[in-house]
Each structure stands twice: as C-alpha cells, then as structure tokens.
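This report describes strand pairing, helix packing and burial in one protein chain. Please read it alongside the structure shown here.

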Amino acid sequence: YVCSTWGNNHFKTFDGDIYQFPGICEYNFASDCRESYKEFSVHIQRALNSNNHPEIQYILVTIKDFTVYLRPKLAVVDGRIVKTPYYSSGVLIESNDIYTKVYAKLGLTLIWNHEDALMVELDSKFNNHTCGLCGDYNGVPIYNEFFNGVASYNSITYGNLQKISKPNAKCEDPDETQAIPSCNGHRDECERLLTSSAFADCRLRLNLEMYIQACMQDKCACNGNEDSFCLCSTISQYSRQCSHAGGRPGEWRTQYFC
C-alpha cells in the first residue's frame, strides 16, 4: 500500500518495483486515473541542491477540488499560506521540523521529510486505479509499468511518460538511451549495514534485497566520495519503512556514521 521515493532518485512503486529515475521536471507521482472523476493527485518536482544531491523542491496534492502546495516548512492551501496543524474538508496537514504529513479521509496518507524522501500510502480501494511514478497498484510487479503487452520500457522512458506538461517549464527530459548503469560492487558492505543488529526487527517485514540493490547503486554512483548522502539515504529509508511496517529499528546512527 506504500509508494516511496528517496535519496539518489530511487522510487518504489505500490507493487514493489524499485527503479531509478533522475528527472527534474514536475511529474505525476501518484494519481487516481479513472476517467470519470479523479479523487486525488500528487505531483512532485526535484532539483539538485547546493551539494549536487537531488531533493524534492515541492509537492502539489489535489484532493477532489482542494489543493495543497508543500515546500519545506511551508503549506499553502488553495493559494493561502496556512498554519499547521490545519484541518478542512476531510484533509489534515501536520508539520514539525522533521516531517510534513497530510492525511486525507478518502484514504491517502503522505509523509515528506522536507528533503529527499516522500512516502504515500493509499487505501486498497484504489487498486488498479492509479497512474504515475508509483505505478498502477494492480498488485503485480513489472506488468503495465515496465512491460505492457508487447512493449517493455526502461525506467527512464517510464519516468518521462509521467511528466506534467507546463508551457513555460525549463527542464530537459533525461536521455532514454542512457540507461542507469548497473552496479555489482559493494554488496558485502551494503548487506552488512542493512543486516546489523539494529535492524533485527526489520528482516521479515521488508524485502531486504531491494534495499541492498539501492545501496549498491548509491555506492557506485558516489565513486568513493563517502559523503553521508551516498551511504545514509537508503539506510534511513529502510529504517523509516521498517517503522512504518510496524517494526522497531534500533539506534543505528553513531557519532561517526550518518
């Protein structure tokens, strides 16, 4: 029921596919895509911050006819800046220094850490009704997102299809012929980090292999620059998702690590 994005352009769909997509336009993250009446949509835009790491700049949530625009530490509802906690028309917005959360009575919860990580949880009544970077929520990985009848898409083609066209947007589509490089190194290190005793309660709750793969991608992309973004964003995500799944991760951060 959870779709998320974090760190080095990682995405995990409702159906459990994990892929990377480095686009910096505005994209449909997850929307109700029924023809007749769309109950909600979530759009996101990323950009590179001063350290050259991708961060979410803003999130645009529409619930029926109600619009919520989120920036770090700022919530704007139907064009007005609001103080949180804010409640109206079945939508609750809460924020603190670390997170902004949006709860909508129709069955949507959104949690953003004001930086790289966004998580959207949806009621199962939206099965088979969604589209966007989070996929179609049909319970089957790969099918209809990356493989549709006869056509198969790579993650960049798939991501580009989710762009919201805006007449004056200045952003380039990532090149579909430049596939994200695969990465086979660093497995031992990533496995060691993600299976440390702090995460003992997480092993059976999450698909560990997916996070190991994401961690390996991060390590390869960082080419030995051991900044915390490379190493910590996927481990933080694993910890968050473990808590969300009812687990109790232990204290894994130390003075010297993350």
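## Strand 13 and its neighbours

Val 102 stands opposite Leu 110 in strand 13. The model is a predicted one. Strand 12, residues 100-104, pairs with strand 13 in the antiparallel sense, over five bridges. The two form a hairpin with three residues between them, and Gly 107 in that turn has a positive phi of about 115°.

Strand 13 also pairs with strand 14 (residues 118-122), again over five bridges and in the antiparallel sense. Here Thr 109 has Glu 121 of strand 14 as its bridge partner. Five residues lie between strand 13 and strand 14 in this hairpin, and His 114 in the turn has a positive phi of about 70°.

Strand 13 spans residues 108-112 and is mostly covered, with five of its five residues buried. In a regular strand, side chains alternate between the two faces of the sheet. On one side of strand 13 are Leu 108, Leu 110 and Trp 112, on the other Thr 109 and Ile 111; all are buried, and both faces are thus covered.

## The eight-stranded sheet

Strands 12, 13 and 14 belong to an open sheet of eight strands, with the order 3-2-1-14-13-12-11-10 and antiparallel pairing. Its edge strands are strand 3 (18-20) and strand 10 (86-88), each of which pairs on one side only. Direction ignored, neighbouring strands of this sheet are turned by 10° against each other on average.

Strand 11 (residues 91-95) runs antiparallel to strand 12, and five bridges join them. In this pair, Glu 94 stands opposite Lys 101 of strand 12.

## Helices on the sheet

Helix 3 packs on the eight-stranded sheet, where it touches strand 1 (2-6), strand 2 (10-12) and strand 3. The direction of helix 3 makes about 165° with that of strand 2. Helix 4, residues 228-244, lies across strand 1, strand 2 and strand 14 and runs at about 160° to strand 1.

## Helix 2 against helix 3

Helix 2 (residues 187-194) packs with helix 3 (residues 208-221) at an angle of about 130°, their axes being 9 Å apart. The two helices are therefore oblique to each other, since an angle in this range is neither over 145 degrees nor within 65 to 115. The crossing of helix 2 past helix 3 is right-handed.

Helix 2 contributes Arg 187, Glu 189, Cys 190, Glu 191 and Leu 194 to the contact. From helix 3 come Leu 208, Glu 209, Tyr 211, Ile 212, Gln 213, Cys 215, Met 216 and Lys 219. By class, the contact residues of the two helices are seven nonpolar, one polar and five charged.

## The seven-stranded sheet and Ser 41

Seven strands form an open, antiparallel sheet in the order 9-8-7-6-5-4-15. Strand 9 (80-81) and strand 15 (130-131) are its edge strands, each pairing on one side only. Within the sheet, strand 7 (residues 66-71) and strand 8 (residues 74-77) are antiparallel and share four bridges. Leu 70 has Ala 75 of strand 8 as its bridge partner.

Ser 41 lies in strand 5, residues 40-48. With a relative accessible area of 15%, Ser 41 is buried, because the cut-off for that class is under 20%. Leaving aside residues up to four places away in sequence, Ser 41 touches Ala 30, Ser 31, Leu 60, Val 61 and Thr 62. Trp 252 is 211 residues from Ser 41 in sequence, and the two are 35 Å apart in space, C-alpha to C-alpha.

How values were computed
Residues numbered from 1 in each chain as written. Predicted model: local features only at pLDDT ≥ 70, side-chain atom pairs only at ≥ 80, totals over all residues. Heavy atoms only, no water. Buried < 20%, exposed > 50% of the residue type's maximum accessible area, 1.4 Å probe, protein only. Contact = heavy atoms within 4.5 Å. Pairing = 2+ DSSP bridges. Axes fitted to C-alpha atoms, helices over the stretch in contact; angles between N-to-C directions. Parallel < 35°, antiparallel > 145°, perpendicular 65-115°, else oblique. Left-handed = near helix turned anticlockwise from the far one by under 90°. Nonpolar A, V, L, I, M, F, W, Y, C, P; charged D, E, K, R; others polar.
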